[in-house]
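Dear colleague,

Please find the structure for your review directly below. My notes on selected features follow it.

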Amino acid sequence: MKYPISSYKPANTCSQDISSGLAHQRMANSIHATVAAIILIATFILGLGAMQSVDAAPYIGGFIEGAHSYRIDENAALDIGGAGDRAFPRSEFRTQLTARDDMDKASFFARIDLVSDAADESRSKIDVREAFIKLYLANWVDVKFGRQVATWGTGDLVFANDLFAKDWDAFFTGMNDSYLKPPQDLLRLTFYRGGTTAELALSPHFTPDNLPLRSELSTFDPFLQQTVSGADGPMIEQPTHSLTNGEVFARVFGYARNFEWALYGYKGFWPTPQGLFRTETSAGLYHPKLYSTGASLRGPLGSYLFNIEGAMYISPDDEDGDNPMIPNSQLRGFVGLEKSLAGDWTISAQYYGEQMLDYDKYEAAHLAAFGGTDLPYDELRSTVTTRITKFMLNQTLQLSLFGYLGVSDEDWHLRPMVSYKITDAVTWTTGANLMDGDKPHTMFGQFRDNSNVYMRLRYSF
Amino acid sequence: MNGISNYAKVVFGSMIMALLVIGATMEAKADDADALAIMNKSHKTYYYAGDGGHAKVMMVLTDKKGRTREREFWMLRRDIEDMGDQRYYTYFLKPADVSRTGFLVHKNAEGNDNRWLYVPSLDLVKRIAANDRGSSFVGSDFAYEDVSGRLPIMDNHELMGEEVVGDRPMIKIKNTPKDPKTADYAYRISYLDKENHLPMKEEYFDKKDRLERVFELVKVETVEGYPTATVRRMTNTKKGSFTDLSFTETTYETKLKADDFSERMLKNPPREYTR
C-alpha cells in the first residue's frame, strides 16, 4: 500500500532546483491519448489481418456498464465560491470491447473502454486498457508486447513488490476492483527453466499511479497545509519520456512443497509523487528515483493460507536519508492469513508495516528545514486489514467487507460491497467507500470528507 | 467325572461360540474388504481413466422455479499416479463475465488441495485458501469433491446387496465417512454398475436419514475404450434445484505433463482449449 498523495510538510522557505526537463502531467496525458489512439488503430488492423488466417473464430466480447457514486459527506473544500459541493465523484457510462485471436505461435488481444463520465469530463475517453501480442517463441521463452495490465506479489490490496501502477481514482470512487490497475506499455519476457521462471518487464516510460485529483474529491495540499479540491492540488511533475526514465520490473519465482517463492527487483520511480521541489517560479511534487528488491512466500499453514512478503525501497537520490525533500529508504512488508469456512465464507487478515530507514537523519533534516516539532511520518507505519466474504444463492450473491485500520496513522477505510448476478449476463453491484481519520494528511484521513456510496449495473456479452 | 464333563462342555461351547463370532467377523471383514475393492475399482474407472485427458463441459443449473444459469468450460486433467495426486485445470468460456478465467487445482490425495484462480482483467494469479471439499463447485449443486473425487479409503464401506436400476444390475454399497468432519453428509448409498463399476447413482443422506442430494449418471458412452459418463446430474432434494453436466469432445489422450499445470498454464492457456 502506498500513499495516494504525499503527506510531506514543506516549509515556505525551502527551495530546491529540479532538472528543467520535466513535463507537466496534463501534457503527458494528451501525449498518452494520441499514442493510445495510434496503438488502437494499429492493433485492430493487425488483429483483423491475423483473424483471417486461423480456423477457430476469434473471440469478441465485452460489457456495457453504468456506474455512479454519490458522496455522503459534506465537503467544504469542494464548495468553491458558494456554488455547492459536487456530490457525484463518478457518474459514468462505459462500454468495453474485448477481442482475442489465438494462432499457433502467437495470440493477439485488445480490450478497449469507451467512457463517458458526466461527473468529470476529463474521464471521458477511449481507454486502451490492453492491446498486446504474445509470442510463444520457444518452450523456454514467451514474449508479451504492448499495452497490458500486470500484477504480482501476494498481498490483498496491500503492496510491497508490486510496483506496477495503481489507479487510486478508480479505487476510491466505486469502480470494480479490476480497475485498480491502469494499463502500462511493457515488453515482457518470460523465461522458463525447470520449475523456475524468470520475468523481465521493460517499459520505455514511467507510468505513475493515477491519483484522485479531481474537483469532486478533496485532498491534502502539503504546501498550503490544508485540504483543497483535488483539482486545485499542487502541480505534479512527471519524468520526461526518455529511455533512461523507463522502468524495469523483474521477478524470479518457483514452487516447492506446496509453497510459492519469489524474488523481485525494480528500477524506476516512487509510484506516488513523494518528492518536493520549489524553484523561484514554481513549486510542486515529483516522483524521485526508486530501486527496490524483495521476496515473498505463499502456501498452506495448517488449514490457513499464509503469505509473507517484504521489500527494501532504496531512494538513490537520498541515500543518506538527510534530504527532507525526498523520501528516505524504507523496508515494507506484510504477513497474511486466509481461511475458508463451511458455507462459502472466507475470512482473512493482514498486517502491513512500513519502516523508514535513517529516521534520526530524517527527523533532524525535517525539523531543520521546516521548523516546528511535528513530524508527518512515523518511523514505523502499521496497518491492519481484514476481509470477510460470503457467497449465497448458488454463488450468485456475494457479500464482502474489506477494511483497513491505520494503527499509526489513526485512520481507517471500509469497503462494504454486495454484488448480485440477476442473470448470467446482468450483474448489479452496490457498495461504499468509507474513510475517516484524525489527521488531515494520512492516507485515508485526507479523504475523510469523501466517503461515498456507489452502484453499478453491468451487462456482459 | 461329571464335573470334568461339565467343564469340557463349557470350554468346548465357548470355543465354538468364539469361532462362530470370529468367523462371522471375518466374513463381515471380507465383505467390507470386497466393498472397498469395488469402490476403489469404481473410483479408478470414474476419476482416473487413462493418464489424463480433457473435455468441454456444459453446466446447466436449474433452480426450483425452473430458472437456469449456464457455464461452459474446458476441463483438463493429468494424473500423477492412479488413486493418487492429480492436476486439474478449468478454463471458462461462459458466462461472459468469467470468460478467460482459469482455475488450477493440485489435488493431493492425502491432505488439502492447492488451488489458484487467474483473473485476466488484473493479470492476477490468486491463491485460494484450502477449502472444505464439500463446498459448491462454481455455485452448482456439485461439490468440489464430486468433481475431483473422494478417495474410498476415507470411508467405511458396507455391501448392501444388489439391485436393478434402470435395466442394469447394480451393486449397492453404503459409504460412511470414517471422520464425520471430512464430509457434509452422514452417509452415502452408491449404486455401482456390476459390469463397468461406474457409480450410476449416489444418494447422500444427513444424520436424520433424510435424503439431501442425488447423483445420477444419465448417459454413459465408450470413449477410446473407456466407459465415460457424458451426462451427469446432481439434484439437491432439499433446495429443489439440480445441475446437469454434459461432456463433449472427451479424450483420454493428452500431451500435457503434470508439470505443465502451473502458473504458466493459467497465464497462457493451451490455445486448443480457448475456443
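I begin with Ile72(A), which lies in the loop connecting strand E2 (59–71) to strand E3 (90–102) of chain A. Please bear in mind throughout that this is a predicted model. Ile72(A) counts as partly exposed, because 14 C-beta neighbours fall inside 10 Å, a number between the limits of 12 or fewer for exposed and 20 or more for buried. Ala87(A) is 15 residues from Ile72(A) in sequence, and the two C-alpha atoms are 7.9 Å apart in space. If neighbours within four places in sequence are set aside, the contacts of Ile72(A) are Ser451(A), Asn452(A) and Val453(A).

A second loop position in chain A is Pro271(A), placed between strand E13 (259–269) and strand E14 (275–278). Is Pro271(A) buried or exposed? Pro271(A) counts as buried, because it has 26 C-beta neighbours inside 10 Å. A distance of 9.1 Å separates its C-alpha atom from that of Asn210(A), with the two positions 61 residues apart along the chain.

Two residues with positive phi values may be of interest for your backbone checks. Both Leu393(A) and Gln395(A) belong to the loop between E20 and E21 of chain A, where strand E20 covers 380–392 and strand E21 covers 397–406. For Leu393(A), phi is near 50 degrees, a positive value in a residue that is not glycine. Gln395(A), likewise not a glycine, has phi near 60 degrees. As for their surroundings, Leu393(A) is exposed, because 11 other C-beta atoms lie within 10 Å. Gln395(A) has 17 C-beta neighbours inside 10 Å and therefore counts as partly exposed.

In chain B, the peptide bond between Lys94(B) and Pro95(B) is cis, with omega about 0 degrees. Pro95(B) sits in the loop that runs between strand E3 (86–94) and strand E4 (102–107) of chain B.

Finally, I turn to the interface. How many residues of chain B are in contact with chain A? There are 29 in chain B, and they meet 34 residues of chain A. On the chain B side, the elements that supply two or more residues are strand E2 (68–79) and strand E6 (124–128). Sorted by class, this side of chain B comprises eight nonpolar, 11 polar and 10 charged residues.

With kind regards

Conventions. Residues numbered from 1 in each chain as written. Chains lettered and ligands numbered in written order. Predicted model: local features only at pLDDT ≥ 70, side-chain atom pairs only at ≥ 80, totals over all residues. Helix = DSSP H or I, 4+ residues; strand = E, 2+ residues; numbered from the N terminus. Contact = placed C-beta atoms within 7 Å. Nonpolar A, V, L, I, M, F, W, Y, C, P; charged D, E, K, R; others polar.
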